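Let's take a friendly walk through a protein model, one corner at a time. Keep the picture beside you and find each residue as it comes up.

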Amino acid sequence: QELPKINTIIEHIDPDMQALRSVEDLARKLAIKTTIGSFIERGRAGRELDLLMRHATGVSKAKGVAQYAKILLEADVPFILVGWHRDVYDIWLKELAEYKPAMYTGSETERQKNESVRRFLNGETNIFILSLRSGAGVDGLQFRSSTIIFGELDWSPKVHEQIIGRLNREGQKEQITVIYLNTDEGSDPPMVELLGLKSSQSNGIVDPGRQFEAKISD
């Protein structure tokens, strides 16, 4: 099946700086450890710093992501909202409670996940909250939606591709729109930079003769 090129939109979200400032001291100490500690200490500090900053960044922009999501909800556009941290989901659930979001993350049982899919496909809700690392084996979402919002990022571009693949598959009749809501603070800038590098490297390995194509955005 020939599908239209994916429409990629990157939007800037203003973060809640208080959430980022609350981890500044700890982040500074961990950053120092990554440069002066032993090999094991540097590795552990680096992992802790990554987890700390990704969580703080996700929380800091969660309300901004929810406000953006409301624009689509008020326009009656069904979409998948992608995140990673439980605290971020909690903010989204609170801010978007009136729209009765469906949840498909690591916190739900198989039965609850199946119910979430049913609700979304039957039009009982227009918002399907999906974890970055969940969704294996899920099919049918492409019959209901063609829009994805990434409220949080993953270090691997392949994870993003797998999420997009939930909609970009047989049965999809619309152009896929993928919206990345990023901030200029916290962990987003280095992640965006590295994701671009990883993507270009993997393209060269998987298809060495391929010419790079520019993303399109309306």
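## A buried tyrosine and its partner

Tyr 89 is buried in this predicted model: its relative accessible area is 3%, and the cut-off for buried is under 20%. Trp 92 is buried as well, with a relative accessible area of 0%. Both residues belong to helix 4 (residues 86-95). Tyr 89 and Trp 92 sit three residues apart there, about one turn of the helix.

How many aromatic pairs are there by the ring-pairing rule? The count comes to four. Tyr 89 and Trp 92 form one such pair, with 6.1 Å from centre to centre and 50° between the planes, and this pair is tilted. If you wonder where those two numbers come in, a pair of aromatic rings is described by the distance of the centres and the angle of the planes.

## A cluster of rings

Now look for Tyr 104 and Phe 128. Their ring centres are 5.8 Å apart and their planes meet at 35°, so this pair is tilted. Tyr 104 lies in strand 3 (residues 102-104), while Phe 128 lies in strand 4 (residues 127-131), so the pair ties together parts that are 24 residues apart in sequence. Tyr 104 counts as buried at 6% relative accessibility, and Phe 128 counts as buried at 0%.

Which residues do ring pairs link into a cluster? They are Tyr 104, Phe 120 and Phe 128. Phe 120 also has a charged neighbour: Arg 144 lies over the face of its ring, at 5.3 Å from the ring centre.

## The sheet

Next, step back to see the strands together. Six strands form an open sheet, in the order 1-6-5-2-4-3, and the pairing is parallel. At the edges are strand 1 (7-12) and strand 3, each of which pairs on one side only. On average, neighbouring strands of this sheet are turned by 20° against each other, direction ignored.

Strand 3, the home of Tyr 104, pairs with strand 4 in the parallel sense over three bridges. One place to spot this pairing is Met 103, whose bridge partner in strand 4 is Ile 129.

## Strand 5 and its neighbours

In a regular strand the side chains alternate between the two faces of the sheet. Strand 5 (residues 147-150) is covered on both faces. Thr 147 and Ile 149 are buried on one side, and Ile 148 and Phe 150 are buried on the other.

Strand 5 runs parallel to strand 2 (residues 79-83), and three bridges join the two. Strand 5 also pairs with strand 6 (residues 177-182), in the parallel sense, over four bridges. Phe 150 is a handy landmark for both pairings: Val 82 stands opposite Phe 150, and Phe 150 stands opposite Tyr 180 in strand 6. How does the chain get from strand 5 to strand 6, and what is the handedness of this crossover? The chain passes through helix 6 (residues 157-164), and this β-α-β crossover is right-handed.

## A threonine inside a helix

For a last stop, find Thr 57 in helix 3 (residues 39-74). Is Thr 57 buried or exposed? With a relative accessible area of 1%, Thr 57 is buried. What does its side chain reach? The side chain of Thr 57 reaches the backbone oxygen of Met 53, at 2.6 Å.

Key. Residues numbered from 1 in each chain as written. Predicted model: local features only at pLDDT ≥ 70, side-chain atom pairs only at ≥ 80, totals over all residues. Heavy atoms only, no water. Buried < 20%, exposed > 50% of the residue type's maximum accessible area, 1.4 Å probe, protein only. Polar contact = N/O pair within 3.5 Å; in protein donor to acceptor, adjacent residues only side chain to side chain. Phe/Tyr/Trp six-rings, centres within 6.5 Å; stacked < 30°, edge-to-face > 60°. Lys NZ or Arg CZ within 6 Å of the ring centre and 35° of its normal. Pairing = 2+ DSSP bridges. Right-handed = clockwise from strand over helix to strand, strands pointing away. Axes fitted to C-alpha atoms, helices over the stretch in contact; angles between N-to-C directions.
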